[in-house]
Amino acid sequence: MEPHPKLPSPFISRRRSLIKTSAEIVSEARQSLRVPHTQRPFTPGDAQRLLFGGTSPRACHDNRPPSTFSLSSQHFNAPDSRPGSGTRLSPLDHKPKLPNLFSGEDPIKAVPRPPTVPMAEKRGLMGARGRLLRAGSLTLLPPVERNIHEKKSPKGHICEGHAEVCSSGPRKQGPRRTASESHIDPPGVDSGVGPATGRRTGDNTSADEEEAIWDSTVAPLLLQLEAAGAAEQSVEVMCSLCDSVHDSLAKGNMLGRKCKRRSSLLRTLFRFIDWDSAKLNLHVAKLCLALSVSGNNLLNICKLVFKISRSESNDRFFQDSSIIGAPPTPVLTLVIASSLAVNSLCPDSLLAVLLSEDVSASGDAVLYAVGTLKFISGNKAILQLLLDKKVLSVAQKLLRSLCQLQENHLTTAGHILVQLTVLLRNLADQPESRPLFVSHTILPELCQVLRRHSQDQDVCTNVSRIFSKLSSYTECRLSLAQTPGCFQLFLELLSKHLQKKDLVVRLLFTLGNLASKSDEARLQIFQCEGCVDTLLRLYDTYQQRANAPADQDVLVKLVCLVANMCIHPDVGPEFGSNGTCVQLLLETLELLSVQENKELLVIVAVTINNLSFYLQRSSVLQQRQLTVCRLMLKLMLSSDMDAVLEATRVYGNLTNEKAARDFIMQNKVHRFLVTLLDSKSPEVCYSASGVLINLALDPPSRASLSQEGAASKLVDCLKDFGAGDWQLSGRVCQALWNLAGCGRSMMLLQSEEKESLLDILSFFCDKQNTAGDEADSHLACWELDFLPVAHKLLQTLQPEQ
């Protein structure tokens, strides 16, 4: 007598074929240990462009930086010719005496003579000494000629050249110029700010060359700009003139603080800030940044750009301007990689501000610069532009510097991080950005941000939004999982911010993604200190108020994480033996309706399926298997096929136990299972036939199943799916074998059905009929899953002929 065949698992184990076929892809949804998938939490866009949204805890604080403010030229400081010390000095009592030029010496020798120098240097001296004239405004004075003039002083002394005032009496100081006054020096007149005469102001530009460029190019453009402003010409003309000034300064290597007429130039630019034109203001801001404004002026320029960016209609101006950053070049990339300032390459950009400014000294300026980038990153076209300009390199450096600030700057760093993390969240939506997040090690930096700002709900929530987006992708998931301590960090944040739904749901979703594909991650999460207690405390807290959709979403992500963790052979039995965990899962099934809570109940069923795979005598689930069977019946009777499918899979595991099989037969559940064979769904037929395999082990059950027409429906499944799904075909043959008493009786089939089954099996068992487009992989599946049991069934049928 043939020995009793070994009872196969109700669900076939993982495939051993290396090449995935269509059947293998389908089989991934049939494994006993299920990996549930949920939708990423939805993040609504901000209705208004504000530094901090209305739901932010910062919105109620009076000391937070404002999103709205007034700004005019009066808010800007007149650039100084020297750094201010902040201390008033006492006047000197010493009164200088002029030498008596006509003493007893030879009067000709006593008269000073001009040095013998080239005319170019004379112009330089004239510019240097000309500063003494400008105690008041020079706007009403005629241009100073470049040749040497002779003037008579009131005393009748002769003074030669260089525009110097010679007087033996004290000089009267003119009126003081206000911060908003505009002044343009005509060609040949110095501004009073800059390096000394003859000093080189750049690598290739001497003071004389700068004079020539200023006189021939820059000064005429500034005069045109002043005239255009006075005549109220079109904004386009003035923007074009601003660009021309910028280009001329760049060609003369006079950007930054190199230009000695920088002070008067900035005073001119500040005047145009009062114009009500976003486009012109953006051009002015770009030029001011190129001149390396600092302190209060830098803050106000960043505020000005921020104010412009608050209106979505102004996005097109940013798109057409280079104020975001310089185009990527090999040199710029090298500089960023070396963590050097890029002002020498792109001083007129917001990205340069982020790289070069010290947050401890210019925190508010950096805040408004990042806030601007956050706003305009909501525009898809600008988002791509930001990626092209290597914004992630800049963001990584800024993240690192913010984490290194002292405790007394923690508040400012938090304000900046709120803006920066929203910018990174928007960038995470771009497919091409995901490899950059990995290559620039931004994910580990964000973990460090979470550690440093674990009490800041805004920062933690924004970072969790980034992780919830990126953890859905393999390369980002691996990078995050390899970050030391990230699992423990997430669990600590869950415990600390238990009531913060937006944060909790995203951290749970991220952990669920990390545990969905990696056995190592499943075990590491489980082994974290306080893991099980934290998760079950969350479960209990949110189950008590599961009526709100947001609370249900938290439960969905939480149960999904538990289901994924239970796939690990060391973790599943531990959760199955935890009475609190099993009780919470059963309460969810008991209290909630399928119609209103479909997603949650389906994932709870998946979790119970994974736990039931590790049924042990010490398992709480083993002890309460009849309760589980009763609650699964609730899903079986629903109209939702997803719920029915998951309940069928749970029955497939539980029916390894005699008590569960008896419950199914006594409550007529087997009738539903036989009906499912008509569903025309491979997954449903596969799960239903798995339960029938176990039920048919008991002789009394075979008769009941035969009365329901189970055998004929199984034959129909074999006809319908056939060689297209060898796993399902093998499962159907196994069910028929068990129904026939392990081949001892085939009386359950009519003669026509037997002949049809014999023909099908004879055809399918012929190796020549298994070839197809994927012949090698199909052959492996055919040999492993179908042929052994089909061959036994065929041998049983043939003697009947």
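This is a short tour of three stops in a predicted model.

**Stop one: helix H35**

Start by selecting residues 710-721, which form helix H35. From first C-alpha to last, its 12 residues reach 17 Å, close to the 16 Å expected at 1.5 Å a residue. Now show the side chains of Ala-710, Ala-711, Leu-714, Val-715, Cys-717, Leu-718 and Phe-721, which are buried. Turn the view until you look down the axis of H35: these buried residues fall within an arc of 155°, so they line one face of the helix.

What do the buried residues of H35 pack against? Add helices H32 (669-676), H33 (682-695), H34 (699-707), H36 (726-739) and H37 (751-764) to your selection, and you have the partners. Before leaving, click on Gly-722, just after H35, where phi is positive at about 45°.

**Stop two: H30 against H32**

Keep H32 on screen and add helix H30, residues 641-654. The axes of H30 and H32 come within 12 Å and cross at roughly 115°, and the crossing is left-handed. To see the contact, select Met-641, Val-644, Thr-648 and Tyr-651 on H30, then Val-669, Leu-673 and Leu-676 on H32. Colour this contact by class and you will find six nonpolar residues, one polar and no charged ones.

**Stop three: Lys-469**

Finally, move to helix H18 (residues 457-470) and pick out Lys-469. Is Lys-469 buried or exposed? Its relative accessibility is 10%, so Lys-469 counts as buried. Leaving aside residues up to four places away in sequence, Lys-469 touches Arg-40, Arg-425, Ala-428 and Asp-429. Show those side chains together with Lys-469 to view these contacts.

Notes. Residues are numbered from 1 along each chain as its sequence is written. This is a predicted model: local features need pLDDT of at least 70, side-chain atom pairs count only at pLDDT 80 or more; totals for chains, interfaces and linings use all residues. Side-chain values use heavy atoms; hydrogens and water are left out. Helices (H or I, at least four residues) and strands (E, at least two) are DSSP runs, numbered from the N terminus. The expected span of a helix is 1.5 Å times one less than its number of residues. Buried means under 20% relative accessible area, exposed over 50%, partly exposed in between (1.4 Å probe, protein chains only). The arc is that of the directions from the helix axis to the C-beta atoms. Contact means heavy atoms within 4.5 Å. Axes are lines fitted to C-alpha atoms, for helices over the stretch in contact, and angles run from 0 to 180 degrees between N-to-C directions. A crossing is left-handed if the near helix is turned anticlockwise from the far one by less than a right angle, and right-handed if clockwise. Ala, Val, Leu, Ile, Met, Phe, Trp, Tyr, Cys and Pro count as nonpolar, Asp, Glu, Lys and Arg as charged, and the others, Gly among them, as polar.
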